[in-house]
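Got the viewer open and a selection box ready? Let's walk through this one stop by stop.

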Amino acid sequence: MKKSNLFLLFLIVLVLNCKPDTKGKDENKLPRVAIAGLGIESSTFSPAQTNEEAFHARIGDSIFGRYPFFDEGTEIRKRADWVPTLLGKALPGGIVTREAYESMVDKTLKMLKENGPYDGLFFDIHGAMSVVGLEDAEGDLIKRIREVIGPKVLISTSMDLHGNVSKTLAEHSDLITCYRMAPHEDALESKARAITNLLDRLENGKGKPKYKAWIPVPILLPGEKTSTRIEPGKSLYAQIPSIEAQEGVIDAAIWIGYAWADEARNHAVVMVTGDDKAQVTSGAEQLAKAFWEVRNEFEFVAPVATLEESLKKAFKSEKKPFIISDMGDNPTAGGAGDVTWTLRELLSRPEFKSEKGPSLIYASIPGPELIEEALKVGVGGKVSAMAGAIVDDRFAPPLKLTGTITAIKEGDRDAEVEAVVQIGSIHVIVTKKRKPYHHTADFTDLNLNPKETDLVVVKIGYLVPELYEMRGDWIMALTPGGVDQDLERLGYQHIKRPMFPLDKNMDTPDLSAQLLRASDELK
């Protein structure tokens, strides 16, 4: 054999015996994790409907901007190959149109199909989305996602504690958690926990938990009665960490549920996930029984009265600001936000007719017609235009507001344009589109000083942190609207009965843990 042939043979043997070592690369390969979700609280007792634009959907990498823990260089960002698809979050409102829902779902599924396969999915939802023609919107969404990504992918679901956990949602979720504070000061912490649980299970190779205990609890209460700031909610939720810390438990959660939708899934739920059957089961049953035992102790988080009684108390108070929650039309609970009943009552009061009367800020009322006039005349100009009751006119008609424009602001994400109209001693905040007023800056940006104002009337239920810290005193007014706090007036037709407190003398329910099938065992 010639030397050249021998050399060629030597090279071939050398190549065949020098395969690259891929072991280290495989071990260091990051899991591929998708991100998707739609979130809204939808009142089915409001005539309002929610369209796609209200979700301000983020596509692809823009999703990272919603979460500080996804910033470049953060530990969570470095632990996976992230594939963000579509994430839409809307202000609470009316039922979502089927067209809006299908449009966003189609976009989500298309992106998931194009960018697979995946090891995991971070499913960021609220849990109280109602859609025209669907009885369980989040259950429908997760099932359709499963059809695309497959049953073996690990899904970690993050929710609001005012969401609903149907059996369908619970079965198709592998890991699931919710906020533990109301108000939701731990929202980002809870989402990070959902992601960390997911990454831990992917990295340690344990994958899907062996057990998921689900217990429906027949209690349906509004958030204004179940705040974790006060008892019994405070002590009830304080039991969660000790159960979560047990060996063999991944997460424990209590959902209050959403009171202003009339669907079979609307009720409280307890879930515990993990690999130790005894600990998972006993932990879930402990929380469910604890919830049931304190059901009669839940009270409104603040004093509650009629609007008339609330005003009498405010006039006698020397504390500033005296905040009145206009609860029935709270847009952050699902109200239309444009009920004029309370504003009409305030404008008719003789105390506010003069500019020298008690100062009052009313936040807020949508009035696109008035906004158009305000932009024409500018600050200092006079306007007389209609506002409110475009969506929900069941309790009072649109109002003609006549007064002086004291501020205009353009470019707000929700309101688009805001204007302040002074009528007597009342400063009415009018918006092009509805907006909740939760922050001091929401007022000061409009040249208003709520801390030095006698009365501040806000369309809200329990006060969010900044308003809570600002208050001199506070009362919640039982006003009409799509999120009426008097649940017996709502007229439920589809929730499961008996249900506390609608059926106060109901028998003690079976609160045994139901161990659900794993997502890859579903047919």
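Is Glu452 buried or exposed? Select it and show the surface: Glu452 has 53% relative accessibility and so counts as exposed (buried means under 20% relative accessible area, exposed over 50%, partly exposed in between, with a 1.4 Å probe and protein chains only).

Some ground rules before moving on. This is a predicted model, in which local features need pLDDT of at least 70 and side-chain atom pairs count only at pLDDT 80 or more, while totals for chains, interfaces and linings use all residues. Residues are numbered from 1 along each chain as its sequence is written, and side-chain values use heavy atoms, with hydrogens and water left out.

**Stop 1: around Glu452**

Stay on Glu452 and colour by secondary structure. It is in the loop between helix H14 (440-444) and strand E20 (455-458) (helices, H or I with at least four residues, and strands, E with at least two, are DSSP runs numbered from the N terminus). Leaving out residues up to four places away in sequence, Glu452 touches Lys320 and Ser359, where contact means heavy atoms within 4.5 Å. Now draw a C-alpha to C-alpha distance to Glu369: the two are 30 Å apart in space and 83 residues apart in sequence.

**Stop 2: Thr431**

Next, select Thr431, in strand E19 (residues 426-431). Thr431 has a relative accessible area of 0%, so it is buried. Show its contacts, again without residues up to four places away in sequence, and you'll find Ser364, Ile365, Pro366, Gly367 and Pro368 among them, along with Ile371, Ala415, Val417, Glu418 and Tyr437.

**Stop 3: the largest cavity**

Keep Ser364, Pro366 and Tyr437 highlighted, since they're included in the lining of the largest cavity. On a 1 Å grid over the protein atoms alone, a cavity is a set of points where a 1.4 Å probe fits but cannot get out; a pocket is an open set with protein on both sides within 12 Å along at least five of seven lines; and lining residues have an atom within 4 Å of a point. The structure holds two cavities of 30 Å³ or more. The largest cavity has a volume of about 60 Å³, a volume being the space filled by probe spheres set on the points, with grid points joined across faces, edges and corners.

Add Pro331, Gly337, Ala363, Arg434, Lys435, Pro436, Val458 and Lys459 to complete the lining. Strand E15 (residues 360-366) gives the most, with three residues. By class, the lining of the largest cavity divides into six nonpolar, two polar and three charged (Ala, Val, Leu, Ile, Met, Phe, Trp, Tyr, Cys and Pro count as nonpolar, Asp, Glu, Lys and Arg as charged, and the others, Gly among them, as polar).

**Stop 4: the largest pocket**

Select Pro92, Asp160, His184, Thr332 and His438: of the 43 residues lining the largest pocket, these lie nearest its centre. The volume of the largest pocket is about 1400 Å³. Helix H7 (187-203) and helix H15 (465-470) each supply at least two lining residues, and H7 gives the most, with three. The lining of the largest pocket has 21 nonpolar, eleven polar and eleven charged residues.

**Stop 5: the second largest pocket**

The second largest pocket holds about 640 Å³ of space. It has 24 lining residues, and closest to its centre are Gln49, Glu53, Ala54, Lys433 and Arg434. The elements giving two or more residues to this lining are E3 and E6.

Switch to cartoon for those strands. E3 (residues 49-50) and E6 run parallel, joined by two bridges (two strands pair if DSSP finds at least two bridges between them). Gln49 stands opposite Ile95 in E6. Strand E2 (residues 42-43) also pairs with E6 (residues 93-96), in the parallel sense over two bridges, with Ser43 opposite Gly94.

**Stop 6: an open sheet**

Finally, show the four strands that form an open, antiparallel sheet in the order E11-E12-E10-E22. Strand E11 (249-255) and strand E22 (514-515) stand at the edges with a single partner strand each, so one side of each is left without a neighbour in the sheet. Zoom in on E10 (residues 211-217) and E22, which are joined by two bridges, and pick Ala213 to find its bridge partner, Leu515.
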